[in-house]
Amino acid sequence: MTNFLKKNSFFTGILIFSMLLAACGNQSVPSADKANVDHSNRVLTDSLGNEVTVSESPQRIIAPYLEDHLIALGIKPVAQWSVKGGTSIQDYLQGSLKDIPTIAFDLPFEAVTSFNPDLIVIGSSEIAEGEKYEKYRKIAPTYVMGAEDNNWRNKLLKVGEIFNQVDKAKEVITDYDQFAKEAKEDIHNKVGNPSATVIWNINNTIYMVSNTASSGIVLYEDLGLKTPSLVKEISASAAGDWSQVSLEKFVQIDADYLFVINSDRAGSSTLLSDPLLANIPAIKNGHVYEFDQSSSWLYSGAIANRQIIENVLDSIAK
């Protein structure tokens with residue numbers, strides 16, 4: 001389990017979702033009308049040192065697992081990231097992507113070709129390793145992002161750079177930061193300065209989010225909630241964004257609020273009703289809030305994080 005939870009690896013998302021997410025039709029997308037489009041070119045250098053010639057207005061974009069950033073910038077791809085044969089997708093983005101067909105996370109060459117892209121953006125060099133990059137490049141200009149872009153703000157800014165929308169990306173970040181600031185103040189005014197933690201329930205096994213990753217950053221940095229001592233301890237030695245924690249260890253958690261993401265259809269009733277956990281403050285006081293795997297809690301980006309904050313406000317600061 002530790003290996004596929006390795007931090008900052010593109011395959012973290014791929015393997016977690018392909019192994020653990022329950023099943024959530026591809027439709028064809030007509031070719032974009034490229035008439036009256038400005039085809040002025042820009043030359044960018046990607047993380048691998050490749051010079052990539054990018055049209056000023058690419059129309060048919062494939063950028064799997066970067067859809068949060070695309071949508072935030074008002075850009076729709078021609079295909080969206082998926083695993084398990086297209087049955088597991090980023091549900092929280094489907095208001096914008098519901099009519100967009102899926103493409104497998106590992107970008108099969110035939111599938112990529114079928115979408116006739118004019119730009120491919122790959123979120124990790126692992127997808128383009130070996131001879132793969134040259135094969136993608138023959139299909140369409142291909143830009144590979146690097147590990148330095150893993151922070152969602154950096155990633156959004158990089159996507160903004162690729163699409164010549166850096167100012168828009170900065171605006172999105174500013175708007176998000178203001179929203180988070182107001183939410184933080186609202187929480188403080190209504191419930192003071194409580195502690196909280198996030199766990200992921202997978203087959204009644206507990207995974208705790210790091211305080212420097214994913215929804216942990218939203219809770220502890222953006223919203224300023226207190227970090228329980230156990231979260232700090234687990235995070236200090238974490239090999240990934242989510243770390244498995246035994247029931248006997250989790251009983252030490254001193255969180256006032258507990259947010260649970262369920263990958264089990266039955267939810268967490270069995271897990272949270274274990275007598276060992278009865279004295280955890282959040283459970284004892286009925287401050288447990290559950291969300292299913294279709295929510296944005298397992299993702300990161302301006303859209304995902306805003307939805308997480310909305311969930312927190314609805315839960316503890318009504």
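Let me begin with the open sheet, in which three strands are arranged in the order β3-β6-β7 with parallel pairing, where two strands pair if DSSP finds at least two bridges between them, and where strands (E, at least two residues) and helices (H or I, at least four) are DSSP runs numbered from the N terminus. The edges are formed by β3 (61–62) and β7 (142–144), each of which pairs on one side only.

Before going on, I should say that this is a predicted model, in which local features need pLDDT of at least 70 and side-chain atom pairs count only at pLDDT 80 or more, while totals for chains, interfaces and linings use all residues. Residues are numbered from 1 along each chain as its sequence is written, and side-chain values use heavy atoms, with hydrogens and water left out.

Returning to the sheet, strand β6 (residues 119–122) pairs with β7 in the parallel sense over three bridges, and Ile120 has Thr142 in β7 as its bridge partner. Helix α5 (residues 132–139) lies across both β6 and β7, and runs at about 140° to β7; axes here are lines fitted to C-alpha atoms, for helices over the stretch in contact, with angles from 0 to 180 degrees between N-to-C directions.

Now to a helix pair: the axes of α8 (residues 214–222) and α13 (residues 302–316) come within 10 Å and cross at roughly 55°, and the two helices are therefore oblique to each other, that is, outside the ranges under 35, over 145 and 65 to 115 degrees, which count as roughly parallel, antiparallel and perpendicular. In contact terms (heavy atoms within 4.5 Å), Ser215, Val218 and Leu219 of α8 meet Asn305, Ile308, Ile309 and Val312 of α13.
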